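Reader: I'm new to this one, so could you walk me through it step by step? I'll ask, and you point me to the right spots.

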Amino acid sequence: MGNKVTVVGAGNVGATCANVLAVRETASEVVLIDIKEGLAEGKILDMYQTATLLDFDTNIVGVTNDYSKTAGSDVVVITSGVPRKPGMTREELIGVNAGIVKSVVENVLKYSPDAIIIMISNPMDTMTYLASKISGLPKNKIFGMGGALDSSRFKCYLSKSLEANSNEIEGMVIGGHGDTTMIPLVSKATYKGIPVSEFADEETLKKVVADTMVGGATLTSLLGTSAWYAPGAAGAYVVEAILKDQKKVIPSCVALDGEYGQKDICIGVPAVIGKNGVEKILEIPLPDEEKELFAKSADAVRKTNDVLKEIDIL
Ligand code: APR
């Protein structure tokens, strides 16, 4: 407690993230800000009316475009932008979302120069790269949330197919946060510390990996827009790791400087998250097949990053 968090974008993901932070009392103050007149105010008023029902004391504030109200935030979560529609990839959002992210990051830093910034807007790896370049912030203070969500989906699919309690499953997804770029690390997934390959055959595990990779797209086609409960909760989970200095290992999209053989890119790797944001990148040994997948994933993310130059935003 005693901390301030701003969530930019009061849409599905941002409002869910703010709601989880408020109800769990992760921060003492949560500011939700949106460009659309009245939206953040309305959602916060609605949330406030659950305070006596759910018994929370978080000070929650909704504002339209007034960044002075976000001043002095310890953590800022950026979800502003357009979500994908059925049939769209996350990468197709780049043109619109790059412009939004640029102006939002500049506004945020004007009032909260010391904040740790978490990017959620898609295509997340490229938006994190853009935000990192334009902000000039050190890599521990600006990173993307994708791995927390993808790993959570991976663990859910694993628990279903193993008929196991999902809290007894460990699993990580690294690489890009895209349907074809993410890498659910089967080699590291365990049930009660025992490799999942002891409990499921190769074909079953292949299906778990495939389901995880299109986890977001499956929801987009069911919902008509992209998902929000798990993305919002995953954002709040990362904020909590920072504010409570939990030092949790959370696959996060971080600027790499030689780690995993990569430079000048932001991509998902296992990271220790604590009060300083990304406190450490864990370089874990990977089998050759997963190493190769990581290199391919980085190539694909780099191609999307190149679009930033084509549209003249970097
Ligand atoms: N400043 C603040 N808010 C903005 C801005 C801006 N410049 N531009 C757009 N927004 C707001 C919109 O008004 C909208 O309320 O961002 C919000 C986005 O909400 P949704 O359309 O509901 O989208 P959501 O599903 O929350 O997804 C947001 O997260 O997971 C990603 O792919 C997803 O990029 C998308 C982002």
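Author: Let's begin at a serine. The backbone oxygen of Ser132 sits 3.3 Å from a polar atom in the side chain of Ser135. Keep in mind that this is a predicted model.

Reader: Which backbone nitrogen lies 3.1 Å from a polar atom of the side chain of Ser135?

Author: Ser135 lies in helix H5, residues 124–135. Its side chain has a polar atom 3.3 Å from the backbone oxygen of Ser132. The backbone nitrogen 3.1 Å from a polar atom of that side chain belongs to Leu137.

Reader: Is Ser135 buried or exposed?

Author: Leaving out residues up to four places away in sequence, Ser135 touches Val105, Leu109 and Ile142. The cut-off for buried is under 20% relative accessible area. Ser135 has 18% relative accessibility, so the label is buried.

Reader: Next, Thr58. Which residue has its backbone oxygen 2.7 Å from a polar atom of the side chain of Thr58?

Author: Thr58 is found in the loop between helix H3 (51–54) and strand S3 (59–64). Setting aside neighbours within four places in sequence, its contacts include Leu21, Ala22 and Glu25. The backbone oxygen 2.7 Å from a polar atom of the Thr58 side chain is that of Ala22.

Reader: And what is the relative accessible area of Thr58?

Author: Thr58 is also in contact with Ala27, Ser28, Glu29 and Val30, among others. Thr58 counts as buried because its relative accessible area is 5%.

Reader: How far apart are the C-alpha atoms of Thr58 and Val249?

Author: Along the chain, Thr58 and Val249 are 191 residues apart. In space, their C-alpha atoms are separated by 27 Å.

Reader: Let's turn to helix H8. Why do its buried residues line one face of the helix?

Author: H8 covers residues 215–223, and Gly215, Gly216 and Thr220 are buried there. Looking down the axis of H8, the buried residues line one face because they all fall within an arc of 135°.

Reader: Which helices do the buried residues of H8 pack against?

Author: Ser221 and Leu222 are exposed, on the other side of H8. Just after H8, Gly224 has a positive phi of about 85°. As for the buried residues of H8, they pack against helix H6 (147–162) and helix H7 (202–213).

Reader: There's a ligand too. How much of its accessible area does the protein cover?

Author: 22 residues surround the ligand, and the closest are Asn12, Val13, Asp34, Thr79 and Asn122. A polar side-chain atom of Asn122 is 2.8 Å from an oxygen atom of the ligand. On its own the ligand has 730 Å² of accessible area, and the protein's share of cover is 86%.

Reader: How many aromatic pairs are there, and what kind do Tyr191 and Phe199 form?

Author: Searching the whole structure gives three aromatic pairs. Tyr191 and Phe199 make one of them, with ring centres 5.1 Å apart. Their planes are at 70°, and the cut-off for this class is over 60. That pair is edge-to-face.

Reader: Why is the pair of Tyr260 and Phe294 tilted?

Author: The ring centres of Tyr260 and Phe294 are 5.3 Å apart. Tyr260 is in the loop between strand S12 (248–257) and strand S13 (263–274), while Phe294 is in helix H10 (residues 288–310), so the pair links distant parts of the chain, 34 residues apart. Both Tyr260 and Phe294 are buried. The pair counts as tilted because the planes are at 40°.

Methods:
Residues numbered from 1 in each chain as written. Predicted model: local features only at pLDDT ≥ 70, side-chain atom pairs only at ≥ 80, totals over all residues. Heavy atoms only, no water. Buried < 20%, exposed > 50% of the residue type's maximum accessible area, 1.4 Å probe, protein only. Helix = DSSP H or I, 4+ residues; strand = E, 2+ residues; numbered from the N terminus. Arc of directions from axis to C-beta. Contact = heavy atoms within 4.5 Å. Near = heavy atom within 4 Å. Polar contact = N/O pair within 3.5 Å; in protein donor to acceptor, adjacent residues only side chain to side chain. Areas by Shrake-Rupley, 256 points an atom, 1.4 Å probe, with all protein chains shown as cover. Phe/Tyr/Trp six-rings, centres within 6.5 Å; stacked < 30°, edge-to-face > 60°.
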